[in-house]
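This report works through one structure, from a single helix to the arrangement of domains and chains. The sequence and coordinates come first.

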Amino acid sequence: MVKFNRFTLDNGLRVIVHEDHTTPMAVVNILYDVGARDENPEQTGFAHLFEHLMFGGSVNIPVYDEPLQRVGGENNAFTSNDITNYYITLPAVNLETAFWLESDRMLNLAFSEKSLEVQRNVVMEEFKQRYLNQPYGDVWLRLRPLVYKTHPYQWATIGKELSHIENAQIEDVKAFFKKHYNPQNAIMVVGGDVTPDQVKALCDKWFAPIPAGEKYNRNLPQEPEQREERRETVTAKVPLNDIYITFQVPGRMDEHYYAIDLISDILSRGQSARLHRALVKDTPVFSEIHAYLTGSLDTGMLVVEGKPLENISIEEAEAAVWQELQKLCAEQIPVDELTKVKNKTESTMVFAEMALLDKAMNLAYFELLGDADLFNRETENYLAVTAQQIQEQAKAIFRKDNSSTLIYLAEK
Amino acid sequence: MLDRTIAPESKAIDHINLIKPGHKVLANGCQVFWFNSGDQELVRIEWIFGNLRFNPAKPLLNLAVNSLLTEGTSKLNAAQIADQIDYYGAFLQADYGYDQSQLTLYSLNRHLGNTLPVIKSILTDSQFPEKEVETFIRNQQQKLQVSLQKNDMLARRAFNKALYGNTIYGLTSELKDFEQLQRADLLQHFENMYQPSNCTLVIAGKVDEATLNQITSAFEADWDNAAQAADTAQPELQPAAERFYFTEKPQALQSAIRMGVQMVNRSHPDFPALQVLNTVLGGYFGSRLMANIREDKGYTYGIGSGITSLRDAGAFFIATEVGADVCRSAVNEIEKEINLLKTEQISEEELSLVRNYMLGSLLGSLENVFSHADKFKNVYFSGLDLDYYNRYTEIVKTVTAEQLQQLANQYLHFDDFYKVIVGKYE
């Protein structure tokens, strides 16, 4: 049970305070309700590039990192297709420094040309390091457009192509800031060795004066239900063949999300999971195989990924995966197996309470979903799932005409 | 009116409070350390064993035995081990390290009665079934083929080989090494290594009296030492004479750079001050290497330096992946930054920032009771005690720019660095 207090400033900034006096540290986590899905299709990769620019100095503070490091703090950020999340960890005695820094960059950025030029290069190197210069690195650049034909999830957070980043201009950066980076579109969680009164006072001082800005009303084209089997095969300089079979699944807030998440656990969580047991151990077809959900807010993906053994054909390997998926459709899972994945989920939630920053990030994310307290109801939502629901969802998802298959063939 | 240009007042970190472990030695020689703290009813238990003397003819035994621990005993096959652990919501992992290898169990206290017997069976009775060994070999060979396509991995391998030679630290496994793994060798290695007198048990979490007794009694009874004590001494390291290694990858968009040199480890009095020097150079986001090569030049997504502390060695290294077309420029900038540490004293402004950053970072690394146990392991396996952290904080607070310059001149000679480049050298 993660306890918290919650209030909203007049400018719309939502604030959550989580007291944890077992640590001398504090965390400040700010989630901005903007991700790669909010980008212009001709300017993809922008939310992520922008995340880099948030460290390039703000209107009153020329550099961001240095004053934070000077008080013993650390920070980082990540961008997903749905959100952009910034976080600071610092000694709780120096909490105010975090408020000073974060409120100034929510107020306004410095918009330096030099910073833009350098971060364009840095992000292009990131693009190369993670997506182009690694075996299988470009998988998400290929898979997303295969699965999504309408929704902006069709591009990865890094962007469709290097040129979109190369062409980013300072005017675009300013417009993006104005549209998305204001109190109304943000959720702040302050956790650790802090008190609600202290946080309220610091919010009034540093964040309350920031103008509310414009409310961004999201209106994205939703992905229509998939009704045909899709397939792409690439021959690439990779050492081994690799198979990705992906399925469209409902978004994070759908009532069936928990059953579907447990399906991915049944398939792939731990050494006892079905895919590993059946296809790596009992009948060796793959050297490794995994299944997971993207957990997206809009229509998501359930991905099954495996590297077949060298003596196994792609056809055999695919058939073996489908056989396991069809088992979930044909037979209800045994009681013990359902208990097992529920137990694992439950203990994971207990272990998660050991990590302050994770708690803060989760509170912010669930507040975005509608209510931070949903975080505390996760376990009961998983425990309520029945074997019948799992079978129903398996049948709904594991259809050929809901599948997109990407095959990497190793260039010999 | 709020003046946003002025930073709020701040406080320096004065000291850190570390949890001291309880300690006892079991009748069979197993060392037990425990850390009792936390609100959650859970524990992390680590069984840590010193690796056996490296055998160049059978280089993978330490790794393979550790990886195969969860693959079957005479009473539980691999599937039963996995079922039992997963059913009780526990997590079990086997980790191979340079000096020690270990098993780690994360379990809710209330399930220890069901999870501990699995570990007991593993540590007393692992069987290394032929079928599981075959699966391991096949899958590891596939994984290795993928790793060998990654430039940073190739650079790391070449660097370790050059620094340490054909020893456990320099080990670079080849596909053929996996083929020679034999069940008989694995069994013999297991019996000699995984015995109580070579085991350190570290328990962290809700470790009340009853929990402690439950764990220790399980590993005191019916767990006996082998006839021979474990031989964990390692042969001399064999650094290579050649200092420069270039592997060309004509298609590379980026080149991996790894360079550095052998250095003292944590047990040496200079170590804490060298950590300060390292932090200035490449040990944090605002470091000189990051500021110059990422934030000013935009050559890379990331660059960093570090000091590795092992039982019988230490090493200083710099690692990055840079645009292939700017590889030579990046190497030149690294050289400039090294030389700057030797020719110019670090300003008090920069040094005070690094001091505060390091102390804040130490404080922040103590997130929960597990982190306290981790801090303890760092010093314990270096032959030190928790006083080390008092010395460390004192030195971080007081080391002078002059001393750091001296250390740079004593330890950092760019021309002597081992340099590995994989990709293009343009």
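Which residues of helix H15 (residues 387–397) of chain A are buried? In this predicted model, they are Ile390(A), Gln393(A), Ala394(A) and Ile397(A). Viewed down the axis of H15(A), these buried residues fall within an arc of 105°, so they line one face of the helix. The cover over the buried residues of H15(A) includes two strands of chain A, S8 (242–249) and S10 (300–308). Helices H9 (257–268) and H11 (314–330) of chain A are also among the covering elements.

**Chain B as a whole**

Chain B contains 15 helices and 11 strands. A compact globule of 426 residues would have a radius of gyration near 22 Å, and the 24 Å of chain B agrees with this. The C-alpha trace of chain B spans about 65 × 55 × 40 Å along its principal axes. Of the 426 residues in chain B, 44% are buried. Among contacts in chain B with a separation of 6 or more, 81% are between residues 24 or more positions apart.

**Domains of chain B**

The domain assignment divides chain B into domain 1 (22–218) and domain 2 (244–423). Their C-alpha centres are 30 Å apart. The contact involves 22 residues from domain 1 of chain B and 28 residues from domain 2 of chain B. On the domain 1 side, strand S2 (31–36), helix H5 (151–164) and strand S6 (199–205) of chain B each supply at least two residues. H5(B) provides the largest share of that side, 10 residues.

**Contact between the chains**

Between the chains, 54 residues of chain B are in contact with 58 residues of chain A. Elements of chain B that each supply at least two residues to this side include helices H2 (78–87), H4 (130–147), H10 (288–296) and H12 (348–364). Strands S5 (100–108), S9 (300–309) and S10 (314–323) of chain B each supply at least two residues as well. H12(B) gives the most to the side of chain B that touches chain A, with eight residues.

The table lists the residue classes for the two contact sides described above.

| Contact side | Nonpolar | Polar | Charged |
|---|---|---|---|
| Domain 1 of chain B, touching domain 2 of chain B | 13 residues | five residues | four residues |
| Chain B, touching chain A | 22 residues | 21 residues | 11 residues |

Notes. Residues are numbered from 1 along each chain as its sequence is written. Chains are lettered from A and ligands numbered from 1 in the order in which they are written. This is a predicted model: local features need pLDDT of at least 70, side-chain atom pairs count only at pLDDT 80 or more; totals for chains, interfaces and linings use all residues. Domain bounds come from an automatic or database domain assignment. Two residues are in contact if their C-beta atoms, placed from the backbone, lie within 7 Å. Helices (H or I, at least four residues) and strands (E, at least two) are DSSP runs, numbered from the N terminus. Ala, Val, Leu, Ile, Met, Phe, Trp, Tyr, Cys and Pro count as nonpolar, Asp, Glu, Lys and Arg as charged, and the others, Gly among them, as polar. A residue is buried if 20 or more other C-beta atoms lie within 10 Å of its own, exposed if 12 or fewer, and partly exposed in between; C-beta atoms are placed from the backbone. The arc is that of the directions from the helix axis to the C-beta atoms. The radius of gyration is taken over C-alpha atoms; the globule rule is 2.2 Å times the number of residues to the power 0.38.
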